[in-house]
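Hi,

Here is the structure I promised to send over. Have a look at it first, and my notes follow underneath.

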Amino acid sequence: MKPVIIQPPQVDWFTGAFAHGATLRKSTRIADLAGIFADTAAWHRTDPDFAVYDVEMLESPTGEGELYTGVTHLQPGKIGDEFFMTRGHFHARREQGEVYYGLRGTGLLLLQPEHGRAYLQTVTAGSVHIIPGFTAHRLINTGSEVLSALAVWPTIAGHDYTALASGFSVRVTEANRQILVREVQNG
């Protein structure tokens, strides 16, 4: 019997686009990010239909031991002086970790352990980020081009956005062309 050769899905390392695989795509728009940015007046002045980020995922079987693979494409820009960012989340199953791999652009990965201080990692093409369980995470685009990162996580992990109802404990802004990181009281 001759073995079957299967062409697996591929990712274009420059654009983050998938090929050779069924994909799902979801856009998160300004209107979907109510309460995320500190400057609500600036948020209200921004086009509610503008897509801040898109997530393209390979279709995957679900269940114990299965993995999702997706790429987040986060646009450059700001609301007020705060950089565009993803909503950020804990996993519903807190013990589940995740891996990010920077594809293009520049930005930060905000990590906030359930019990501990928030910290940031620089995201660039080729950077690898191990997100431990029990850690909320958010991408922030501090550059002038799209920030794309490939992610792999367990299909059983789920997303918990409600645990961060008061927000992360760190905000990343720009003033006088300088990136500023400040701690906030409500996080």
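**What I found**

Let's start with Ile-130, which sits in strand β11, the stretch covering residues 128-131. Keep in mind throughout that this is a predicted model.

Is Ile-130 buried or exposed? It counts as exposed, because its relative accessibility is 57% and the cut-off for that label is over 50%. Ile-130 also belongs to a nonpolar patch on the surface, together with Val-99 and Val-128. The patch comes to about 260 Å².

Next, the sheet. Three strands form an open sheet in the order β10-β9-β12, and the pairing is antiparallel. Why do β10 and β12 each have one side without a neighbour in the sheet? Both stand at the edges, β10 as residues 119-123 and β12 as 135-141, and each has a single partner strand, so one side is left free of a neighbour in the sheet. On average, neighbouring strands here are turned by 25° against each other, ignoring direction.

As a quick reminder, strands in a sheet pair through backbone hydrogen bonds, in either a parallel or an antiparallel way. Here, β9 (residues 107-113) pairs with β10 in the antiparallel sense, over five bridges. If you want a spot to click on, take Leu-108, whose bridge partner in β10 is Thr-122.

Finally, the record: an unreviewed UniProt entry lists residues 29-183 as "domain: Glucose-6-phosphate isomerase prokaryote". In the model, that stretch is 46% strand and 4% helix. Its end C-alpha atoms lie 26 Å apart.

Cheers

Terms used. Residues numbered from 1 in each chain as written. Predicted model: local features only at pLDDT ≥ 70, side-chain atom pairs only at ≥ 80, totals over all residues. Heavy atoms only, no water. Patch = residues over 30% accessible without salt bridge, like charges linked within 9 Å, V, L, I, M, F, W, Y side chains within 5 Å. Areas by Shrake-Rupley, 256 points an atom, 1.4 Å probe, with all protein chains shown as cover. Salt bridge = Lys/Arg side-chain N within 4 Å of Asp/Glu carboxyl O. Helix = DSSP H or I, 4+ residues; strand = E, 2+ residues; numbered from the N terminus. Buried < 20%, exposed > 50% of the residue type's maximum accessible area, 1.4 Å probe, protein only. Pairing = 2+ DSSP bridges. Axes fitted to C-alpha atoms, helices over the stretch in contact; angles between N-to-C directions. UniProt positions renumbered as here; feature names shortened; annotations may be inferred.
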